[in-house]
Amino acid sequence: MVRIETVVGLMSGTSMDGIDAAVIKTDGHMYIEEIGYISVAYHPYIQQLLKAAEALVRQYQGTLEQVIKVDFEVTLNQYLQKTLNLSEVDVIIHIHAIKKYLGIKKVSFETVIQLSTNLHSETVVEVLKKCHLKPHQIYTIGYHGQTLYHNPKQKITMQIGDGQQLASSTGIEVVSDFRAKDVQAGGQGAPFAPLYHQALAVRDGKIPLAVLNCGGISNITVIKDANPESLVGFDPGPGNGLIDQFVRLRTQGKDAMDMDGKYGCHGKVDPIVLEALRQKAVWENGQNYLSKIPPKSLDVGDLHLVPELDQLSLEDGCATLEAFTADAIVQSLDFMQPPYPKHWILAGGGWYNPAIKQELMRRLKDRIGQDADIKTADEAGWNSRALEAQIFAYLAVRHLKGLPTSYPGTTGVSVPIVGGQSFKPMISKCS
């Protein structure tokens, strides 16, 4: 008999807006029962530290040995000036406020890793409390960590977070570092959502189906049947990543995103700037990512605000970027064999922005037919906000049971790969 386990999943996506934690019961196959979920928003200071760390890691192309030698406060200063458009004096005052908030005298890259891990540990405590569970009742924690750099061509992917520290602080075995083994085996290291999407689709009788996730990056899953070998998945292009950059810059950090489309819904799409985005906004290893044939995956650091956006208002810029997100997704159908699925589920925080959702639905129906059935994950009976955290809970169980977490059709590996690394607590589970 296949055991059904209770497991926690943790996810902090490329938007870096907070931590999602979910508890599910699963056998690592097709049984999934959702137990509970919480979301913990990051303080703007935390988000700024993570984004500065991301900029530093990208500068040194994921070489950790070089990163830790750099004075992180210099990087933080440069990041704040560039992305929030603050004066040098204002940046000094701002960094002092960050240190006071954290209760420390100096900020280092190691500080950011420690801080990220501690926040995930606190989130585990909170989600267990909400679900009325004790640590000894949890089989494992699936811990994605915070992605700072992802370049499969270099065979480098970096997610910060200390799996051993998290295991010891919670008293629960942790599975993390899901992407590294896939990348080392020649895969893209992403997307990892397709297996979980397929399990939900089988459970709910929703096959054939396409699932479209919109976070900082967008990813698509095409599910033809219950065989994981037939799954197709890749990252079509940006999700919220470019929009968030643009809003932070234009509002000097007062807003981190176009919440509920409050800007984009009042703007107009500029077709000339939209074409500039298609040509110049998404470049990876010297080529236009949008023209790259799957399997493929995208790093948020490969997203670039084009100078043509400077001529647009905040509202028109957001509307144009939101149309670009939808356009890139629909154009990615060029890489798939028709007939296209008629049933689509939209998952991820991006679809809470009505400007993106409306653009996507209009463009998708124009492409595949007005009879397309397009529902949000919540409308389909899935928990959109919990979904990504649930994915890594599910994958953690598969890792511990020796089951593949990625397949040739999802990440481009030559054979199925069991990804992840497990860490046992150095203390016993609490009662």
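A residue counts as buried here when its relative accessible area is under 20%, and as exposed when that area is over 50%. The model on screen is predicted.

**Whole chain**

Start with everything displayed. The protein has 431 residues, and 58% of them count as buried. Its secondary structure comes to 14 helices and 14 strands. Along the principal axes, the C-alpha trace spans about 65 × 60 × 40 Å. The radius of gyration is 21 Å, which agrees with the value near 22 Å for a compact globule of 431 residues. Among contacts with a separation of 6 or more, 71% are between residues 24 or more positions apart.

**The five-stranded sheet**

Next, select β9, β8, β7, β12 and β13. In that order they make an open sheet with mixed pairing. Residues 232-238 (β9) and 373-376 (β13) are the edge strands, each pairing on one side only. From one strand to the next, the twist averages 20°.

Now narrow the selection to residues 209-214 (β7) and 343-347 (β12). These two strands pair in the parallel sense, over four bridges. To find one bridge, pick Asn-213; its partner in β12 is Ala-347.

Add residues 193-204, which are helix α8. This helix packs on the sheet and touches β7, β8 (217-223) and β9. The direction of α8 makes about 45° with that of β8.

**Helix α10**

Move to residues 271-280, helix α10, and show side chains. Val-273, Leu-274, Ala-276 and Leu-277 are buried. They sit on the same side of α10, because they cover an arc of only 160° around the axis. Turn to the face away from that buried side and you will find the exposed residues Pro-271 and Ile-272.

What do the buried residues of α10 pack against? Display 314-331 and 354-368: these are α11 and α12, and the buried residues of α10 pack against both.

Then go to the start of α10 and select Asp-270. One of its side-chain oxygens reaches to within 3.0 Å of the backbone nitrogen of Ile-272.

**Thr-320**

Finish on Thr-320, in helix α11. Is Thr-320 buried or exposed? Its relative accessible area is 0%, so Thr-320 is buried. Leaving aside neighbours within four places in sequence, show what surrounds this residue: Thr-320 is in contact with Lys-268, Val-269, Asp-270, Val-273, Leu-274, Leu-277 and Leu-312. Several names recur from the previous stop: Val-273, Leu-274 and Leu-277 are among the buried residues of α10, and Asp-270 is the residue whose side chain reaches towards Ile-272.

Technical notes: Residues are numbered from 1 along each chain as its sequence is written. This is a predicted model: local features need pLDDT of at least 70, side-chain atom pairs count only at pLDDT 80 or more; totals for chains, interfaces and linings use all residues. Side-chain values use heavy atoms; hydrogens and water are left out. Two strands pair if DSSP finds at least two bridges between them. Axes are lines fitted to C-alpha atoms, for helices over the stretch in contact, and angles run from 0 to 180 degrees between N-to-C directions. Contact means heavy atoms within 4.5 Å. Buried means under 20% relative accessible area, exposed over 50%, partly exposed in between (1.4 Å probe, protein chains only). The arc is that of the directions from the helix axis to the C-beta atoms. A polar contact is a pair of N or O atoms within 3.5 Å; within protein, one must be able to donate a hydrogen and the other to accept it, and residues adjacent in sequence count only if both atoms are side-chain atoms. The radius of gyration is taken over C-alpha atoms; the globule rule is 2.2 Å times the number of residues to the power 0.38.
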